[in-house]
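Got your viewer open? Load the model below, and let's walk through it one selection at a time.

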Amino acid sequence: MGRSILALVACLVLFGGAFADQARAWTERALEAADPFVFTPSDLQLRDFTIEARVPWRWVEGSFEWVRIERRFLVPRARIRLHIPPGTPVAYRGRHFESASPELEVPVVLSQETGNELRIGGVSPSVVRPRFKPHAPLKQPFIIDASCSSTPLRIESPSLSRSWGHVICRPTHPNQEQGYGLRMDVDLLWESESQSDSVRIGHAVSESSDGITHALSFSGNAPSYSLSKGTESMTLSAPLPERFRPLTVSLGLGPYSHMEVLRPFATIYAAYLFNDALKMALFSAFPIRKSPEVDTGVYVIVEQFRGIDERVTLNLLLGAHALSFRSQGEYLHRMSAPQGVELSFRDCLLRTQNLTLGGFFYPKIEGRSYVNTWIRYGNSKFFTEFNFINWQEPVTAGSFMVKSAGLSIGFPLFRAF
């Protein structure tokens with residue numbers, strides 16, 4: 001019995017330590033981020049924050065910056081200048097500061113997370129806490145992260161004059177008896193002027209280990225949640241289908257200059273999603289005319305890099321393609337393996353709109369060459385694309401060359417499986 005009690009106490013101590021570490025994690029990680037690069041997500045400014053202190057202080061102008069923590073939440077930080085007697089010790093998040101002059105600058109995270117406080121002095125320290133105190137209602141109080149660009153997440157009926165927050169999304173596709181399901185986990189960071197108010201999801205109080213972050217899970221059966229915090233309220237809505245279909249087929253149509261003649265041109269795209277970093281793709285491009293030159297490729301798209309505030313991804317396109325064309329009354333079919341690269345920028349200029357630049361390349365070897373480059377802007381529902389294709393194949397009478405360039409409009413045809 002005694003050993004059981006000791007084991008229980010040990011577990012509680014370990015759990016409490018882990019819980020405390022989790023509660024400290026946000027501010028500590030935000031302090032550790034060196035030279036962050038983040039696209040300014042909202043009109044939140046340094047003047048929207050204050051601190052509770054008994055000593056003279058002021059913000060260091062120009063020190064306000066955003067930090068992305070472990071590819072997840074965006075958190076602001078700044079530096080505070082304290083006017084204290086020389087030699088006065090200051091402790092903040094495990095860091096100790098002391099100055100020989102009457103002024104001391106300390107980096108702080110502008111968050112009301114549990115335990116985020118400075119201690120000024122030695123035996124009976126003065127406790128200083130950052131507070132959110134907006135000078136005016138924010139134009140964009142809630143930041144919807146670029147990770148939500150491909151999802152139908154919306155904020156409806158917002159009443160958010162004295163709070164701000166950040167939402168990130170993680171779509172998952174669990175196996176079901178018939179195909180794949182669709183679930184979207186959402187992490188919510190919510191800070192308000194009245195931090196003592198609890199966050200309510202529906203009529204239930206949301207449990208939060210750090211006082212500022214909360215978790216939701218959307219599915220076809222739970223398309224929306226009503227959230228409130230004191231007088232602040234909003235509805236998070238994500239009308240998801242109950243089933244996820246990994247195969248998407250789209251069509252692009254537009255005028256192309258094909259072999260120096262203006263013709264209607266078609267492009268077909270198909271993609272099978274395995275996960276966010278791996279998918280299989282097929283494309284086919286051809287002029288709409290009798291005896292068209294058909295260019296068809298099958299490729300695996302593998303993510304190699306994601307960065308620059310989690311918005312830019314670099315993919316390798318590995319596979320092969322086939323060309324079908326008519327030369328001197330004979331239909332010919334040729335295979336080759338130009339490899340490709342694709343660079344995508346999420347939420348470019350507008351939310352949910354993505355810019356993609358890519359190309360396939362095969363240098364001229366023994367009379368054969370291939371170049372296919374594109375610039376695409378839009379999303380999975382509607383996009384515009386400029387495409388340039390130039391290829392050459394050896395034939396009996398010399399070589400056969402095709403050059404095409406044009407602008408097309410793309411839209412989805414169907415989803416399957």
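What follows is a short tour by selection, from a sheet to a disulfide, a surface patch and some salt bridges.

Before you click, keep in mind that this is a predicted model, where local features need pLDDT of at least 70, side-chain atom pairs count only at pLDDT 80 or more, and totals for chains, interfaces and linings use all residues. Numbering starts from 1 along each chain as its sequence is written, and side-chain values use heavy atoms, with hydrogens and water left out.

**Stop 1: the sheet**

Select strands S10, S12, S14 and S17. Strands here are DSSP runs of E, at least two residues long, numbered from the N terminus, and two of them pair if DSSP finds at least two bridges between them. You should see an open sheet of four strands in the order S10-S12-S14-S17, with mixed pairing. Which strands stand at the edges? They are S10 (142-144) and S17 (213-218), each with a single partner strand, so one side of each is left without a neighbour in the sheet.

Now zoom in on S14 (residues 183-192). This strand pairs with S17 in the antiparallel sense over six bridges. Pick Val186, and opposite you'll find Leu216 in S17.

**Stop 2: the cysteines**

Next, show Cys148 and Cys169 as sticks. A disulfide (a pair of cysteine sulfur atoms within 2.5 Å) joins these two, with 2.0 Å from S to S. That rule gives a count of one disulfide. The link of Cys148 and Cys169 is right-handed, with 95° about the S-S bond. Cys148 sits in the loop between S10 and strand S11 (154-159) and Cys169 in S12 (residues 163-172), so the bond ties together parts that are 21 residues apart in sequence.

Are these cysteines buried or exposed? Buried means under 20% relative accessible area, exposed over 50%, and partly exposed in between (1.4 Å probe, protein chains only). Cys148 is buried at 0%, and Cys169 is buried at 6%.

Add Cys348 to the selection. Why has Cys348 no bond? The closest cysteine sulfur, in Cys148, is 18 Å from the sulfur of Cys348, which is too far for a bond. Cys348 is buried too, with a relative accessible area of 8%.

**Stop 3: a nonpolar patch**

Switch to a surface view and select Leu253, Ile288, Phe382, Ile409, Phe411, Leu413 and Phe414. Together these residues make a nonpolar surface patch of about 610 Å². Patch members have over 30% relative accessible area and no salt bridge; like charges are joined within 9 Å and nonpolar side chains (Val, Leu, Ile, Met, Phe, Trp, Tyr) within 5 Å. Strand S31 (residues 398-416) gives the most to the patch, with four residues. Phe414 lies in S31 and is partly exposed at 44%.

**Stop 4: salt bridges**

A salt bridge here is a side-chain nitrogen of Lys or Arg within 4 Å of a carboxyl oxygen of Asp or Glu, and the count comes to 21. Start with Glu193 and Arg162, whose side chains meet at 2.8 Å, N to O. Glu193 is in the loop between S14 and strand S15 (199-201) and Arg162 in the loop between S11 and S12, so the pair ties together parts that are 31 residues apart in sequence.

Then pick Asp185 and Arg183, a salt bridge with the closest N and O atoms 3.2 Å apart. Asp185 is buried at 16%, whereas Arg183 is partly exposed at 31%.

Finish with Glu303 and Arg306, another salt bridge at 2.8 Å, N to O. For your last selection, take Arg68, Asp145 and Asp309: salt bridges that share partners join these three into one network.

Note on methods
Areas by Shrake-Rupley, 256 points an atom, 1.4 Å probe, with all protein chains shown as cover.
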